[in-house]
Every structure is written in structure tokens, then in C-alpha cells.
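Below are some comments on the charged side-chain pairs, set out point by point for your review. Please read them with the coordinates open.

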Amino acid sequence: MKKPPAPREATVAEPRLYRVVASRIQQLIKDEDIQPGSRLPAERELAAKLSVSRASLREALIALELGGMVEVRGGSGVYVSELVETPAEMPEVGPGPFEVLAARRLIESEVAAIAAKVATDSHVDAILRAVMEMEQHHEDRTSNEQADRNFHLAIARATGNTALVGVIEYLWNQRGTLWHKLKEHFQTEDLRKQTLQDHRKVLEAIAAHDVAGARQAMRAHLERVTRTFSRG
């Protein structure tokens with residue numbers, strides 16, 4: 001008789017890149033005996049030392065901050081927390097913000113292009129309402145973010161493809177704790193104003209049924225967000 005096949009080993013998910021980088025930062029703190037309350041090397045220097053991108057480093061530092069292991073002080077730098085004596089477990093906070101942004105650049109650029117091709121007048125009106133809500137609630141961060149979400153979902157609905165609406169909702173829902181902490185530290189007023197202009201450009205391209213223009217306008221918008229959050 002043939003032997004029954006050996007049971008398959010359970011697939012072990014690979015750790016997210018920012019968690020790997022965060023562990024390396026913790027090890028560096030230990031190896032170089034950087035004391036609580038002391039400042040870590042500047043981001044550029046630290047990224048070069050660890051051979052990682054600034055974006056990956058920044059995600060890792062935010063994850064460490066959420067775990068209480070470091071303190072990010074705007075305009076000053078990143079300091080080893082004085083409250084943690086031994087390395088703690090980082091909280092599981094989902095995909096990194098730059099991972100989500102990369103997916104959004106790829107997908108939402110094409111979603112905007114499809115919307116420009118098939119959007120009806122009522123779809124365009126819904127996108128316009130979202131833009132106007134963002135402008136109206138510019139000073140109210142919570143309402144402004146909700147209007148931002150409505151804008152991107154209105155574009156997805158304009159494609160007439162419910163699967164794409166579900167994808168955009170999923171990507172938006174990945175904007176979790178890590179994203180909001182990154183935004184808290186590195187979003188600028190200039191970016192918030194530029195976002196309104198970017199949204200207007202996307203709207204105008206869709207209303208004009210300019211497929212290439214809508215694709216480029218959405219890509220340019222998400223690239224601007226990525227640049228601002230990765231460089232600060």
C-alpha cells in the first residue's frame with residue numbers, strides 16, 4: 001500500500017517589512033548601548049546604516065512609537081523612550097502606510113481612468129459634492145477625512161463596477177493606527193491644500209472624460225502624498 005501523503009506544514013506568514021526594520025532598530029539600540037532619553041541617529045543616517053529606504057525606516061519608527069519604545073518629537077528627532085526598560089512586543093497594526101499607498105497608486109489611477117470613460121452626470125455630481133465637502137470642512141479634520149473617503153469611493157462607484165468599489169473600501173480601511181500616527185507627525189498644511197487642488201484636477205478630468213488625464217491626476221496626487229510622508 002502507498003503511504004499516505006505527509007501533512008503539509010502550515011504556511012507561516014512572513015513578517016511585514018516595517019516589523020523587520022523595527023526589530024533591527026531595537027537591536028541597534030542594544031548593540032550601541034543607546035540609553036533611554038538619548039536621541040537616535042538622524043533618519044537619513046539611520047536608513048543608510050540599516051540599508052533600508054526612508055519610507056521603511058519611518059514606518060518602523062512609528063511602529064516602535066506605538067509600542068512605547070521610542071518617542072518621535074517633531075522638529076527634534078527620535079528618542080529612546082525613558083519608560084521602557086526592556087524591548088517590548090510591537091502591536092500588530094496591519095500593512096504599512098507606504099505599502100497601502102503603493103497599492104492605491106496602482107489601482108486608483110486605473111479606477112479614475114475607467115471613471116473618466118464611463119461616468120454619468122450623476123456620478124460626476126457625486127464626486128463634485130465630495131470635493132465641495134472637503135473644501136467646506138477643511139478646518140475640521142474628521143469631517144474633511146470623511147469627505148476625502150467619499151471622494152475616492154464616488155470615483156470607484158462611477159466605474160459601475162462593485163468589485164472595484166469593494167477594493168477601494170478595503171484599501172481605505174487599511175488606514176489604521178500606523179497611518180494616523182504617520183499623518184499626525186508628517187502631514188503638512190501645504191499637503192492638505194495641495195490635496196484639494198489635486199482632487200479638483202481629478203474631478204475636472206473625469207468630467208471631461210479625459211481618460212489619460214484622470215489617470216495621471218490621480219497618480220500625481222498619491223505620489224505627492226507618498227513623497228510628503230516619506231521625506232517630511
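1. In this predicted model, Arg215 and Glu110 form a salt bridge in which the closest N and O atoms are 2.8 Å apart. The pair connects distant parts of the chain, since Arg215 lies in helix α10 (residues 211–231) and Glu110 in helix α4 (residues 97–118), with their positions 105 residues apart. Arg215 counts as partly exposed at 24% relative accessibility, and Glu110 is likewise partly exposed, at 35%.

2. Helix α10 also contributes Arg224, which links distant parts of the chain by pairing with Asp198 of helix α9 (residues 189–207), 26 residues apart. The closest N and O atoms of this salt bridge are 2.9 Å apart. Is each partner buried or partly exposed? Arg224 is partly exposed, with 21% relative accessibility, whereas Asp198 has a relative accessible area of 4% and is therefore buried, the limit for that class being under 20%.

3. A further salt bridge joins Glu71 to Arg73, where the closest N and O atoms are 3.4 Å apart; this pair counts because the cut-off is within 4 Å. Glu71 has a relative accessible area of 38%, which places this residue in the partly exposed class, and Arg73, at 31% relative accessibility, is partly exposed too.

4. Some partners are shared: Glu43, Arg54 and Arg58 are joined into one network by salt bridges with partners in common. For the model as a whole, the count comes to twelve salt bridges.

Definitions and conventions. Residues are numbered from 1 along each chain as its sequence is written. This is a predicted model: local features need pLDDT of at least 70, side-chain atom pairs count only at pLDDT 80 or more; totals for chains, interfaces and linings use all residues. Side-chain values use heavy atoms; hydrogens and water are left out. A salt bridge is a side-chain nitrogen of Lys or Arg within 4 Å of a carboxyl oxygen of Asp or Glu. Buried means under 20% relative accessible area, exposed over 50%, partly exposed in between (1.4 Å probe, protein chains only). Helices (H or I, at least four residues) and strands (E, at least two) are DSSP runs, numbered from the N terminus.
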